[in-house]
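Biologist: I am new to this protein and should be grateful for a close look at a single part of it. Please keep to one helix and place it in its surroundings.

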Amino acid sequence: MGEPGGGVWRRAGIAGAAIGVLAAGAAAGVAVERLTVSRSVRRKARLALDATGPFGTLRGTPGRALADDGTILAYETDEVEAGRAGEGLGGPLTVVFSHGFCLDQDSWHYQRAALRGRVRTVFWDQRGHGRSERGGGGPVGIELLGRDLKAVVDAAAPEGPLVLVGHSMGGMTVMALAEQYPELVRDRVVGVAFVGTSPGRLEEVSYGLPLAGVNAVRRVLPGMLRTLGSQAELVEKGRRATADLFAGLVKKYSFASKDVDPAVVRFAERMIESVPVDVVAEFYPAFGAHDKLAALAAFRGLPALALVGDQDLVTPAAHTEAIAEALPGAERVVVPDAGHLVMLERPEAVTEALAALLARAGEGSDNG
């Protein structure tokens, strides 16, 4: 006989919560801990925040890019308002924003709002995320994401200077683009920003937990993900059933400050919840294989930003330091009291650093 139904649901719920932790960052290996929360209070709060949050309301001109395997990638463009071209930012250029794992283009909400109308921007959803198609299934490598970004650039910004901005997996995507298309970087890229990301060696990240325990999880996780990916419907029900636990884990691994806006936390939950577990399973192997430190050489000599939250548990500050060391002259910014989703937790600091980068990049493109 199979185990009682309650046991099956409990296991599915814990598995779903574990997948939620994977979604909060660019790699996995986080142990699930029981958190004490008030279910009724959190349930009411989630409903209220879902109804009132401003996130996801900024929309631009929609477009579609065709990846080299036929996958349709969704992007949106915000054009410069008449008379405001490059206002305070240096000059005409296109800024392309790439989001992180299990997020979507709306994760740049605050930066999009601040730059709207002042500079041409492109925001896109990585395959399997947001409004983009999933593709044919099977493992998704970072190299493929780099080619996806090239397809978006070709469709949305086929000419003119570019500034590339990437958070977490999005930063890895930018590195993969540079590795495969160095001529594009040489000819058109005038600035680059890496936000809470890593050039590799993610297997060394402990997520604030004992390394022995994390390594044990890593040994069993690939097989567990394959199994869960084949039972996606059950796991999704389990993840919804453990929403309170999931919310606590998202907050722990996405944010650091105690005063983070509850609406921001709930917005992060909603983005992560929207990504199916089988998509998570398809992406997971890519992070252990990611090694793009050498690819950063393509950006040497360009205005660059390397930014991270000082309490990022997913892509710790040491990984951003490695990026900065590979890019002499890059501006290094460590945002205090901030976690992995620094662009949502401390938006002013991120937007200010990006504006400074765009000003430097705009000056360079004008002179070029």
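Which residues of α4 are buried?

Modeller: The model is predicted, and the answer is best given with the whole protein in view. The protein has 14 helices and eight strands. Of its 368 residues, 55% count as buried. Among contacts between residues at least 6 apart in sequence, 83% join residues at least 24 apart. The protein exposes about 14,800 Å², and carbon and sulfur atoms supply 54% of that area.

Helix α4 covers residues 142–156, which makes 15 residues. From its first C-alpha to its last it reaches 21 Å, close to the 21 Å expected at 1.5 Å a residue. The buried residues of α4 begin with Ile-142, Leu-144, Leu-145 and Gly-146. They continue with Asp-148, Leu-149, Lys-150, Ala-151, Val-152 and Val-153, and Ala-156 completes the list. Because 11 of the 15 residues of α4 are buried, the helix is largely enclosed by the rest of the structure. The list includes Asp-148 and Lys-150 alongside residues such as Leu-149 and Val-152.

One residue of α4 leads into the interior of the protein. Leu-149, buried in this helix, is included in a nonpolar core of 34 residues. Ala-67, Val-122 and Tyr-181 are also among the members of that core. It is a second core, separate from the largest one.

The largest nonpolar core has 39 residues, and Val-163 and Leu-307 have the most contacts inside it. Among the elements that each supply at least two of its residues are strands β3, β5, β6, β7 and β8, together with α10, α13 and α14. The largest share, seven residues, comes from α10. Leaving aside neighbours within four places in sequence, Leu-307 is in contact with residues including Phe-194, Val-195, Val-333, Val-335, Val-350 and Ala-353.

Helix α10 offers a useful parallel to α4. Its 12 residues, 262–273, should span 16 Å at 1.5 Å a residue, and its end C-alpha atoms are 16 Å apart, which agrees. Helix α10 is mostly covered, with nine of its 12 residues buried. Among them are Val-264, Val-265, Phe-267, Met-271 and Ile-272, as well as Arg-266 and Glu-269. At the start of α10, a side-chain oxygen of Asp-261 comes to within 2.9 Å of the backbone nitrogen of Ala-263, and Ala-263 is itself buried.

Notes:
Residues are numbered from 1 along each chain as its sequence is written. This is a predicted model: local features need pLDDT of at least 70, side-chain atom pairs count only at pLDDT 80 or more; totals for chains, interfaces and linings use all residues. Side-chain values use heavy atoms; hydrogens and water are left out. Helices (H or I, at least four residues) and strands (E, at least two) are DSSP runs, numbered from the N terminus. Buried means under 20% relative accessible area, exposed over 50%, partly exposed in between (1.4 Å probe, protein chains only). Contact means heavy atoms within 4.5 Å. Accessible areas come from the Shrake-Rupley method with a 1.4 Å probe; for residues, only the protein chains shown count as cover. The expected span of a helix is 1.5 Å times one less than its number of residues. A polar contact is a pair of N or O atoms within 3.5 Å; within protein, one must be able to donate a hydrogen and the other to accept it, and residues adjacent in sequence count only if both atoms are side-chain atoms. A nonpolar core is a set of buried Ala, Val, Leu, Ile, Met, Phe, Trp, Tyr and Cys residues joined through side-chain atoms within 4.5 Å.
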